[in-house]
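Grab a coffee and work through these exercises with the structure open beside you. Try each task before reading its solution.

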Amino acid sequence: MDADVVIVGAGAAGLSLAYRLTDPCAAGVRTRTARSVRSAPRVVLIDAPAGPLRPPERTWCFWEQGDGDFEEVVAKSWERLCVRGPGGQVWESRPHPWRYKMIRSSAFDAFVDARLTRSPLAERVTATVHRLTETADGVLVSGTLPGGRQLSLRAGWVYDSRPLPRLPPARTTLLQHFRGWFVQLDTGKADAASSFDPDSACLMDFRTPQPEHGLSFGYVLPLGPDRALVEYTEFSETPLPTEAYDAALRHYTSEILKLGTFDVLDTEQGIIPMTDARFQRQVGRHVFRIGTSGGATRPATGYTFAAVQRQSRAIANSYRSGAVPAPPPPHARRSLAMDAVMLRALDTGRVRGADFFTGLFERMPMERMLRFLDGRTSIREDLLLGFATPVLPMLRTVAGLPLLPRRDARR
Ligand SMILES: Cc1cc2nc3c(=O)[nH]c(=O)nc-3n(C[C@H](O)[C@H](O)[C@H](O)COP(=O)(O)OP(=O)(O)OC[C@H]3O[C@@H](n4cnc5c(N)ncnc54)[C@H](O)[C@@H]3O)c2cc1C
């Protein structure tokens, strides 16, 4: 074997798994079910060269209690979170002990890279992976190195985070599509109207004009009194042309936030699938999918980073314990079922997105909402959450859902 573990793709999932597998402090764990304890694995992390396969820099936000493992690279954290209704009503709370945190992907990459560089058992390779072939005792990873030479590696286990060529069939598939501006206010100008509250992040601001289908909202992450990431997001079927996001952002920043004069220092843009599709996690005896392509993206919200952390920890633990190091389900069945109902109700127009979400935040404590999104709420709490939604349209959706076939996404 050239490596015990090969990880394909160095995005959120690949980097996180490499980080956990190369933890110098983690000892082998013996469990009752496992037959042996494995020693630390030789890990190769392969990522595509800069170009069309490599996604641009992005920010990953997640919530966590107290300090976590990535504190060194947390660009900003917020202890207060707010949601704004279409009429400007504000629901703000301090969901102690949770904090909302932001990490930039380049900083996370450098942080994990430093650990891999220090580890005698880890290696990073730049290559485009084309094929994973099962062998008697592992997997042959084939690809192309920069310059055109062939890559051929034999691995015990492979974790593949390459995006899927198409989404699996689903009853509902929406897209969360968005564009953000990193703005710097011109506080010296006389028309500088407002500044940001650096301790409060606005998760959803429904004062944006609502589209015919789905919903839209603004998202504001203040990085200082005069700096913020301001995004315009839609949950709908089709992404917009960049000019349309820019027009929506111009309207949001000037007419709604009334930011006055500012510079746009940087941008970020993306599309995240929101689907009740079933994602396969094991695609061969020794090959697993991780990250978005393994179903780690929470259908109702697009949040992925926290689920990826839970999965990476679990994979590393089962590897060390000597068990089959398969990724556990990234989300609880009950959470996925509730998300499927929400997506369907939204897609059919049975519920109006802005009212649905503001209703939830109005009736549910933010702390419980965050736990719900992490799959940590009890059945009783989930039922209470269900009653905080428009009950009749949701019940009609629940009744109709099992009859719907799973189809290929329309896009
Ligand atoms: C702009 C944006 C912002 C987001 N913000 C958040 C957020 O705040 N919080 C959150 O929880 N989620 C967020 N998400 C959702 C999700 O966390 C990200 O999409 C995340 O990057 C998914 O991680 P991943 O590892 O599954 O995929 P990616 O990060 O997309 O990684 C896939 C990797 O595979 C590599 N690759 C592709 N093809 C090949 C090949 N043939 N050979 C070798 N390597 C290959 C790519 O180079 C890439 O590094 C965001 C998504 C986007 C697009």
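## Exercise 1: A covered helix

The buried residues of helix α1 are Ala12, Ala13, Gly14, Leu15, Ser16, Leu17, Ala18, Tyr19, Arg20 and Leu21. Keep in mind that you're looking at a predicted model.

**Task.** Work out how many residues of α1 are buried, and describe how α1 sits against α2.

**Solution.**
- Step 1: Start with the cover. Helix α1 spans residues 12-21, and 10 of its 10 residues are buried, so the helix counts as mostly covered.
- Step 2: Recall how such a pair is described. Two packed helices are characterised by the distance between their axes and the angle between them.
- Step 3: Fill in the values. The axes of α1 and α2 come within 10 Å, crossing at roughly 30°.
- Step 4: Classify the angle. Angles under 35 degrees count as roughly parallel, and α1 and α2 are therefore roughly parallel to each other.
- Step 5: Add the hand. The α1 and α2 crossing is left-handed.

## Exercise 2: Helices α7 and α8

**Task.** Find the angle at which the axes of α7 and α8 cross, then look at the loop between these two helices.

**Solution.**
- Step 1: Helix α7 covers residues 366-373, and its axis comes within 11 Å of the α8 axis, with a crossing of roughly 110°.
- Step 2: That angle makes α7 roughly perpendicular to α8.
- Step 3: The crossing of α7 and α8 is left-handed.
- Step 4: Now for the loop. Aspartate 374 lies between α7 and α8, and its relative accessibility of 9% makes it buried.
- Step 5: Look for a partner far off in sequence. The C-alpha atoms of aspartate 374 and alanine 307 are 7.7 Å apart, although 67 residues separate the two along the chain.
- Step 6: Finish with charges. Glu367, Arg368, Arg371 and Glu381 are linked in a network of salt bridges.

## Exercise 3: Three salt bridges

**Task.** The whole structure has 26 salt bridges. Take the ones made by arginine 104, arginine 124 and arginine 179, and say which parts of the chain each pair joins.

**Solution.**
- Step 1: Arginine 104 pairs with glutamate 57, with 3.7 Å between the closest N and O atoms. Since arginine 104 is in strand β7 and glutamate 57 in the loop between β2 (43-47) and β3 (59-65), the pair ties together parts that are 47 residues apart in sequence.
- Step 2: Check the cover for this pair. Arginine 104 is partly exposed at 23% relative accessibility, and glutamate 57 is partly exposed too, with a relative accessible area of 37%.
- Step 3: Arginine 124 bridges to aspartate 113, the closest N and O atoms being 3.1 Å apart. Here strand β8 (residues 122-126) holds the arginine and helix α2 (residues 105-118) the aspartate, so the tie is between parts 11 residues apart in sequence.
- Step 4: Check the cover again. Arginine 124 comes out at 29% relative accessibility, which counts as partly exposed; aspartate 113, at 28%, is also partly exposed.
- Step 5: Arginine 179 meets aspartate 246 at 2.8 Å, N to O. This pair links distant parts of the chain, with arginine 179 in strand β12 (residues 173-185) and aspartate 246 in helix α3, 67 residues apart.
- Step 6: For this last pair, both arginine 179 and aspartate 246 are buried.

## Exercise 4: A nonpolar patch

**Task.** Which residues make the nonpolar surface patch, and which helix gives the largest share?

**Solution.**
- Step 1: List the members. Ile379, Leu383, Phe387, Val391, Leu392, Leu395 and Val398 together make a patch of about 710 Å².
- Step 2: Place them on helices. α8 (379-387) and α9 (391-400) each supply at least two residues.
- Step 3: Find the main contributor. The largest share, 4 residues, comes from α9. Leucine 395, one of the patch residues, sits in α9.

## Exercise 5: Backbone oddities

**Task.** Where in the chain are proline 97 and lysine 258, and what is the backbone doing at each?

**Solution.**
- Step 1: The peptide bond from histidine 96 to proline 97 is cis, with omega near 10°. Proline 97 is in the loop between β6 (90-93) and β7 (98-104).
- Step 2: Lysine 258 isn't a glycine, yet its phi is positive, about 50°. You'll find lysine 258 in the loop between α3 (242-256) and β16 (262-275).
- Step 3: Check its cover. Lysine 258 has a relative accessible area of 48%, so it is partly exposed.

How values were computed: Residues are numbered from 1 along each chain as its sequence is written. This is a predicted model: local features need pLDDT of at least 70, side-chain atom pairs count only at pLDDT 80 or more; totals for chains, interfaces and linings use all residues. Side-chain values use heavy atoms; hydrogens and water are left out. Patches are made of residues with over 30% relative accessible area and no salt bridge: like charges are joined within 9 Å, nonpolar side chains (Val, Leu, Ile, Met, Phe, Trp, Tyr) within 5 Å. Accessible areas come from the Shrake-Rupley method with a 1.4 Å probe; for residues, only the protein chains shown count as cover. A salt bridge is a side-chain nitrogen of Lys or Arg within 4 Å of a carboxyl oxygen of Asp or Glu. Buried means under 20% relative accessible area, exposed over 50%, partly exposed in between (1.4 Å probe, protein chains only). Axes are lines fitted to C-alpha atoms, for helices over the stretch in contact, and angles run from 0 to 180 degrees between N-to-C directions. Angles under 35 degrees count as roughly parallel, over 145 as roughly antiparallel, 65 to 115 as roughly perpendicular and the rest as oblique. A crossing is left-handed if the near helix is turned anticlockwise from the far one by less than a right angle, and right-handed if clockwise.
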